[in-house]
Amino acid sequence: MKQQGFDVKIGELSNDFNEYSLDYLNDDHIFDVDDALRLSPDFIVIEDMIGDNAATSRHKKRYQDIIELLDAGIHVYTCLLVENIEGLNDVVESILEKKVQRIPDYIFDKADEVEFIDKSPHDMMNTYRLDQLNQLRQLAMKRCMERLETKQGYNPLLTDEHILVCLSASPTNSKVIRNAAYMAQALNAHLTALYVETNRQTSSQEKERLKENIALATQFNADIETVKGDDIAYQISEFASKFHITKIVLGHSRQEHMFSSLKTNLVEQLIQMTPDLDIYIIPVHGYTTYKTKQSITSHKITLSDTIKSILILVEVTLIGYLFHYLGFSEANIITVYLLGVLLTAMLTSARIYSLVTSIASVLIFNFFFTTPQFSLAAYGSGYPMTFIKQPILQVH
């Protein structure tokens with residue numbers, strides 16, 4: 001481009017690669033977006049699109065500088081790795097088994113020209129394993145092909161497909177958004193992100209996560225919509241009907257309460273309310289964020305869980321009295337108390353409840369149902385271990 005008479009400057013580039021003696025923006029060879037805007041060259045070279053800027057810079061990320069340069073009419077030559085594309089993040093992290101920096105997909109898709117450089121795997125074995133390289137190469141080729149299809153002038157707004165992704169403050173909602181965006185891209189479909197605002201109080205942390213998830217959906221050119229109502233399934237179905245949604249994408253965790261099957265969950269309600277729509281469930285179990293949350297809340301003692309534990313002990317004791325009155329053996333009464341310990345472990349959030357309930361069950365059973373009655377003496381040495389074994393199994 002320089003040989004053709006264009007003004008070409010280097011914004012950021014390793015010195016070893018400056019084979020054509022191109023001019024840098026400044027003598028320090030340090031990229032400064034203000035220098036670039038002031039000099040306003042025709043073209044500017046920026047090697048590391050995914051890099052971080054200095055703390056004193058106007059933008060936190062280098063790709064944000066590039067966006068500003070493009071808005072000012074300056075053409076940019078830059079590069080990135082396929083692993084840095086936001087929409088591929090979940091797949092890439094499963095391949096590389098680590099977190100990576102990302103740029104919004106729309107920057108990659110709107111590039112005037114993309115050159116796919118496929119280096120020999122043996123040249124990169126010091127950075128990746130061979131199996132990782134093969135998967136990343138396939139992913140890169142597929143993503144470049146999808147970009148070409150998008151560039152063929154197909155207008156997503158004219159398609160019959162309209163995908164709705166449900167927003168939430170969940171830390172795993174980002175995975176759901178990426179899957180929905182990837183589906184919309186593959187189907188050339190219009191994408192809408194819907195948040196149902198309820199009367200439930202949200203913490204500052206949840207508000208911040210919701211804001212991040214909305215920002216992520218915006219990166220994928222999704223229309224952001226908000227509706228209000230406590231019946232989430234009804235609000236989603238009404239919105240889907242009004243705006244001619246053809247597919248709904250939402251997340252679902254398998255790490256749910258064991259008694260959730262006793263009530264109709266959101267997925268089942270949507271299936272009943274929108275029988276003509278395709279509903280796609282993105283599994284989000286097994287995320288570190290959920291495990292961290294569980295470890296934080298596993299020792300929290302609440303009044304409601306305390307009341308539940310006491311009520312369970314009272315109920316199983318009454319059932320035990322009924323069994324004793326009807327002539328059932330002590331083994332049957334022990335089974336009732338074991339069931340009480342199991343119920344406590346499932347219905348309370350802290351592990352301490354199942355342990356305390358187990359110990360209390362031993363004492364109550366010993367006091368009311370063993371000989372001599374109404375004392376804590378016991379002739380069966382195995383009773384305590386029978387109950388203690390149950391919370392240990394629950395904890396593990």
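Which residues in α11 are buried? The legends below take up that question and then move to other parts of this predicted model.

**View 1. The buried residues of helix α11.** Here is the reply to the opening question: D305, S309, I312, L313, V316, T317 and G320 are buried in α11. These buried residues pack against two other helices, α12 (330-347) and α13.

**View 2. Helix α11 from end to end.** Helix α11 covers residues 303-325, 23 residues in total. With a rise of 1.5 Å a residue, a span of 33 Å is expected for α11, and the C-alpha atoms at its two ends are indeed 33 Å apart, so the two values agree. Following α11 comes G327, a residue with a positive phi, near 90°.

**View 3. V362 in helix α13.** Let us turn to one of the helices that the buried residues of α11 pack against, namely α13. Helix α13 takes in residues 351-369, and V362 is found there. The relative accessible area of V362 is 15%; buried means under 20%, so V362 counts as buried. Y337 lies 25 residues from V362 along the chain, and the C-alpha atoms of the two are separated by 8.5 Å.

**View 4. Strands β1, β3 and β4.** Now for some strands. Strand β1 (residues 8-12) pairs with strand β3 (residues 43-48) in the parallel sense, over four bridges. One place to look is E12, whose bridge partner in β3 is I46. Strand β3 also pairs with β4, again in the parallel sense and over four bridges. For that pairing, look for F43, which has H75 as its bridge partner in β4.

**View 5. The β-α-β unit.** Strand β3, helix α2 and strand β4 together make a β-α-β unit, and this unit is right-handed. The helix in this unit, α2, is made up of residues 62-71.

**View 6. C79 and its surroundings.** Strand β4 spans residues 75-79, and C79 lies within it. Is C79 buried or partly exposed? Its relative accessibility is 41%; partly exposed covers the range between under 20% and over 50%, so C79 counts as partly exposed. Leaving aside residues up to four places away in sequence, C79 touches I46, E47 and M49. Among these, I46 was met above as the bridge partner of E12. Another residue to find in this view is E115: C79 and E115 are 36 residues apart in sequence, while their C-alpha atoms are 9.2 Å apart in space.

Key
Residues numbered from 1 in each chain as written. Predicted model: local features only at pLDDT ≥ 70, side-chain atom pairs only at ≥ 80, totals over all residues. Heavy atoms only, no water. Buried < 20%, exposed > 50% of the residue type's maximum accessible area, 1.4 Å probe, protein only. Contact = heavy atoms within 4.5 Å. Pairing = 2+ DSSP bridges. Right-handed = clockwise from strand over helix to strand, strands pointing away. Expected span 1.5 Å × (residues − 1).
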